Amino acid sequence: MTRTALVMVALLGLVGTARADEDRFTVGFRGGAFIRDDRGYADHAAVFGLDGAGLGGGGVLEGGVRVAPRLWLYASWAGFSSLATRRMEELRVTNQALVAQAGVTAFRWEPLLAGAQVPMALRVDVLAGGGLYTVRDELDGASHDASGPGLRAGAQATLSWRALGFTLAYGYHLSRASLDDRVGGALRAGGNEIGAGLSFGF
Amino acid sequence: MLTHATRSPLAIAAVAATVALSGAACGGDLLGNEGFEIDCDGKPCDWKVLEGAPVTAASWHDGDPGFDLSGSGRVVIEQRTAPFVLDTRELVLRAALVRRGGATLRLELDWYVAGAGEGPTYWDREPLLVDQRATSVDDRGVFELEELVSTPSLEVSGLALRVVKDGEGTAMVDEVFLTASAVTP
């Protein structure tokens, strides 16, 4: 099953065709939210008056290079943070991911206007890869952190006009790096990432 | 990695005093040091251990102090607060609790009116015990208790709140509040 999927992806990447003026490189920034993989930690924090540890805000910096007609390689850094306050205390939780991914352009549409090509394109890529994940919390000077490997799978759609593109992205991060609280809860470095931002292709 | 830094008790006390001055009658909290953060020589200010040997320790997180009542046997902690003026008989008692194993938890509220004796404090002036009311905790796990409680009359001006743990198991208490409810008498 996995081997078949890999072969399909490889074929899609190698057999597809690319226009001569298609982008070779892309860089982008997305802002968004990260719904953390909560195993009780965020619920426990809320019980003790520190609500919101399960959801972080932040962004993703991403760069990609097209290595075959439909096949891209990406490197990205993602960072998300949340702050829960109670009287004078602040619970800050941050998670970061440094990820390398392979992406396949599953769909590309370039409209024609009166028979002429316009410098606009809609592209949908599916991506998967892995990297290093960290998660850290800090409450009134007491902090914990954890790091470990993880996987990311996701999809992103980019609507571009010449070099400038607008991207909507979703990614699921799976990592066992985990913060454990004192009453049996855990917060993992993985979760669901959604974001929107700008990209530049050249 | 674990690090810990101390907080300024003075700064916390200033915030607590500001909150207290807002007045219970205006919907403020009747209790002090609700989160056990204000430290008096290594013990949480305003709270007294009546029975057992609870540990003032981290609660759900190393950076969040609370009372750990775990272990076997009876443990009782108490806070006395007075004088106050109430404009409602209905109050909401809230607490962040952990209860596991065979531990039982009970919150007892002794209501007083001012006494006619002599002394520097409300409690020295022999206040009269008007009523003893209690609520048992049925939930298990890590949860927020929220109970509607009532005072015997609007004349009460003193309260002794006790957290009583019996049996053997894990029990923690933190974030204890007693505030006026939205319900009018």
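## Strands 6 and 11 of chain B

Let's start with a pair of strands in chain B of this predicted model. Strand 6 (residues 75-81) and strand 11 (residues 158-166) of chain B run antiparallel and are joined by 7 bridges. If you want a spot to look at, pick B:Glu78: its bridge partner in strand 11 of chain B is B:Arg162.

Strand 6 also takes in residue 80, and B:Arg80 has an aromatic neighbour. B:Arg80 lies over the face of B:Trp123, at 4.6 Å from the ring centre.

## The sheet around that pair

Strands 6 and 11 sit side by side in an open sheet of 5 strands, with the order 3-6-11-8-9 in chain B. The pairing in this sheet is antiparallel. Strand 3 (47-51) and strand 9 (128-137) of chain B stand at the edges; each has a single partner strand, so one side of each is left without a neighbour in the sheet. On average, neighbouring strands here are turned by 20° against each other, direction ignored.

A general point helps when you look along any of these strands. In a regular strand, side chains alternate between the two faces of the sheet.

## The other sheet

Chain B has another open sheet of 5 strands, in the order 4-5-12-7-10, and the pairing is antiparallel here too. Its edge strands are strand 4 and strand 10 (141-150) of chain B, each of which pairs on one side only. The twist in this sheet averages 35° from one strand to the next.

Now walk in from the strand 4 edge. Strand 4 and strand 5 of chain B pair in the antiparallel sense over 4 bridges, with B:Ala57 standing opposite B:Gly66 of strand 5. A hairpin joins these two strands of chain B through 6 residues. Next in the order, strand 5 of chain B pairs with strand 12 (residues 169-180) of chain B, again in the antiparallel sense, over 2 bridges. There, B:Asp68 stands opposite B:Met172 in strand 12 of chain B.

## Rings that link chains A and B

The loop between strand 4 (55-58) and strand 5 (65-68) of chain B holds B:Trp60, which brings us to the aromatics. Over all chains, the count comes to 10 aromatic pairs. A pair of aromatic rings is described by the distance of the centres and the angle of the planes. For A:Tyr41 and B:Trp60, the ring centres are 5.2 Å apart and the planes are at 75°, so the pair is edge-to-face; the cut-off for that label is over 60 degrees.

Where do the partners A:Tyr41 and B:Trp60 lie? A:Tyr41 is in helix 2 (residues 41-47) of chain A, while B:Trp60 is in that loop of chain B, so the pair joins two chains. Buried or exposed, then, for A:Tyr41 and B:Trp60? Both A:Tyr41 and B:Trp60 are buried. A:Phe48 comes in as well: ring pairs link A:Tyr41, A:Phe48 and B:Trp60 into a cluster.

## Chain B overall

Stepping back, the secondary structure of chain B comes to 1 helix and 12 strands. Along the sequence, the helix comes ahead of the strands, giving the pattern α-β-β-β-β-β-β-β-β-β-β-β-β.

Of the 185 residues in chain B, 46% are buried. Take the contacts in chain B with a separation of 6 or more: residues 24 or more positions apart account for 77% of them. As for surface, chain B exposes about 8700 Å², and carbon and sulfur atoms supply 53% of that area.

Methods
Residues numbered from 1 in each chain as written. Chains lettered and ligands numbered in written order. Predicted model: local features only at pLDDT ≥ 70, side-chain atom pairs only at ≥ 80, totals over all residues. Heavy atoms only, no water. Pairing = 2+ DSSP bridges. Axes fitted to C-alpha atoms, helices over the stretch in contact; angles between N-to-C directions. Phe/Tyr/Trp six-rings, centres within 6.5 Å; stacked < 30°, edge-to-face > 60°. Buried < 20%, exposed > 50% of the residue type's maximum accessible area, 1.4 Å probe, protein only. Lys NZ or Arg CZ within 6 Å of the ring centre and 35° of its normal. Contact = heavy atoms within 4.5 Å. Areas by Shrake-Rupley, 256 points an atom, 1.4 Å probe, with all protein chains shown as cover.
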